[in-house]
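Please read the points below with the model open beside you. They are ordered from the whole protein to single residues.

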Amino acid sequence: MSATPIISAPIDVVSTVEAATPPQLPPHRSHDPANNLKRTDPFQFGSRFLEEGDNVFEFNAWDHVEPDDEYKAFAEVQYAKQRECPASDFDKLRFNADPVKWWNVFYKNNTANFFKDRKWLRQEFPILAEVTQKDAGKKVVLEVGAGAGNTAFPLIRNNENEELMVHACDFSKEAVKVMRESEYYDTNFMTADVWDVSAIPSEENDSLPPGLTEGSVDVVILIFIFSALSPQEWGRALHNIYRVLKPGGRVLFRDYGRGDLAQVRFKKNRYLDENFYARGDGTRVYFFDRDQLEEMWGRWTPEKGLQEPSTLEAAAGSDATQATAKDDGAFDVVRLAIDRRLVVNRQMKLKMYRCWIQGHFTKRE
Ligand SMILES: C[S@@+](CC[C@H](N)C(=O)[O-])C[C@H]1O[C@@H](n2cnc3c(N)ncnc32)[C@H](O)[C@@H]1O
């Protein structure tokens with residue numbers, strides 16, 4: 001949910017964020033006009049840098065601003081408070097046992113306009129521009145956890161490829177209903193279906209999305225879906241994604257990064273596990289670390305599954321390595337970057353640090 005409405009932040013968060021001065025960019029970057037356009041386009045990441053002398057409240061957002069030590073220390077205090085007052089066992093069970101129930105309620109209560117359309121998608125992931133080109137040929141895109149269709153709809157609206165098919169799947173039937181009832185739902189280029197990415201294959205159910213077979217998908221889009229899974233579900237999700245992708249197929253990933261304001265702001269009784277929380281509406285959210293994602297996507301194999309950090313540490317100090325080397329994983333981590341933004345409420349003179357992680361992986365041939 002990158003488009004989470006910025007609700008008024010609790011006052012202690014506000015004052016601390018306000019007090020934190022963003023560090024300045026090294027001169028070689030801030031003085032490079034190509035990096036310092038001071039644009040007002042909110043979808044152009046990485047183009048507006050804060051420099052000494054800039055008025056931070058002149059624009060709505062600044063790119064790549066690292067929170068300073070004071071803010072980081074404040075975040076650690078917040079995490080300690082969250083751990084001290086975790087969710088009750090009753091709530092942990094409620095939120096973990098049946099996550100789809102909470103998402104169904106969410107989509108019943110929120111209109112399709114809740115998330116903003118992702119105009120930045122094709123710019124951030126050029127492969128999406130490629131598959132929608134007129135002469136791109138038969139291309140199959142699977143969006144996992146597609147929600148209200150805010151990624152799938154802009155994709156087909158800008159599509160010129162007669163042979164494109166976008167499978168927009170979500171495990172919430174209410175989300176699928178929202179997509180199917182949309183005025184933009186065009187079955188020539190899109191199908192919206194119920195599918196649980198963490199499903200376990202069985203005799204009755206091959207656990208693949210409706211209408212798709214093993215090795216049939218060119219591009220899998222994962223936008224703010226992995227954070228909705230519990231860590232126990234990641235391995236199963238990776239397996240299903242691996243199975244459905246063609247060799248050489250791409251995974252486009254964007255999700256919450258650790259230290260994002262949304263994490264720091266969680267109050268008591270919301271902490272489920274380390275970096276994993278339940279929102280007020282019962283939906284769950286995890287905050288990722290870049291290196292953790294590199295391990296996850298770089299080392300996962302269908303045979304070994306996810307590598308436990310303890311296995312990796314043990315392997316590092318031993319010749320009898322059991323862990324998969326990064327180059328032997330089933331996916332190649334082509335790109336994985338942290339995307340930071342300082343978002344400013346100019347009227348209220350508030351500063352908020354946002355942090356997302358964006359990745360591009362391919363299924364090894
Ligand atoms: C934070 S929302 C993001 C929605 C959409 N990708 C977007 O960015 O607008 C997470 C979505 O993942 C879906 N989801 C959660 N767990 C899922 C699962 N196991 N399989 C498929 N979808 C899931 C939820 O129903 C919800 O629509």
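1. Of the contacts in the protein with a separation of 6 or more, what percentage is accounted for by residues 24 or more positions apart? The share is 75%, and please keep in mind throughout that this is a predicted model. The protein has 13 helices and 11 strands, and 38% of its 365 residues count as buried.

2. Helix 3 (residues 69-84) is a good place to check helix geometry, because its 16 residues should span 22 Å at 1.5 Å a residue and its end C-alpha atoms are 23 Å apart, which agrees. The buried residues of this helix are Tyr71, Phe74, Ala75 and Gln82. They cover an arc of only 105° around the axis, which puts them on the same side of helix 3. In general, an α-helix has 3.6 residues a turn, so residues three or four places apart point the same way. The face of helix 3 turned away from the buried side carries exposed residues, namely Asp69, Glu76, Val77, Ala80, Arg83 and Glu84.

3. Helix 10 (residues 231-244) can be checked in its turn: its 14 residues reach 21 Å from the first C-alpha to the last, close to the 20 Å expected at 1.5 Å a residue. Buried in helix 10 are Leu238, His239, Asn240, Ile241, Tyr242 and Val244, and the buried residues of this helix pack against strand 2 (139-144), strand 5 (217-223), strand 6 (245-256) and strand 11 (350-363).

4. Helix 5 (residues 99-109) and helix 9 (residues 173-180) have axes that come within 7 Å and cross at roughly 35°. On the helix 5 side, Trp103, Asn104, Tyr107 and Lys108 take part, and they meet Lys173, Glu174, Ala175 and Val178 of helix 9. The residues of this contact divide into four nonpolar, one polar and three charged.

5. The ligand has 21 residues around it, of which Trp103, Gly145, Gly147, Phe171 and Ala228 come nearest. By class, the residues of this shell are 14 nonpolar, five polar and two charged.

6. Two residues deserve a look for their backbone angles. Phe224, in the loop between strand 5 and helix 10, has a phi near 55°, a positive value in a residue other than glycine, and Phe224 is buried, with 20 other C-beta atoms within 10 Å. Asn275, in the loop between strand 7 (271-273) and strand 8 (276-278), has a positive phi of about 65° although it is not a glycine. Asn275 counts as buried because it has 20 C-beta neighbours inside 10 Å.

Methods. Residues are numbered from 1 along each chain as its sequence is written. This is a predicted model: local features need pLDDT of at least 70, side-chain atom pairs count only at pLDDT 80 or more; totals for chains, interfaces and linings use all residues. Helices (H or I, at least four residues) and strands (E, at least two) are DSSP runs, numbered from the N terminus. The expected span of a helix is 1.5 Å times one less than its number of residues. A residue is buried if 20 or more other C-beta atoms lie within 10 Å of its own, exposed if 12 or fewer, and partly exposed in between; C-beta atoms are placed from the backbone. The arc is that of the directions from the helix axis to the C-beta atoms. A residue is near a molecule or strand if its C-beta atom, placed from the backbone, lies within 6 Å of it. Ala, Val, Leu, Ile, Met, Phe, Trp, Tyr, Cys and Pro count as nonpolar, Asp, Glu, Lys and Arg as charged, and the others, Gly among them, as polar. Axes are lines fitted to C-alpha atoms, for helices over the stretch in contact, and angles run from 0 to 180 degrees between N-to-C directions. Two residues are in contact if their C-beta atoms, placed from the backbone, lie within 7 Å.
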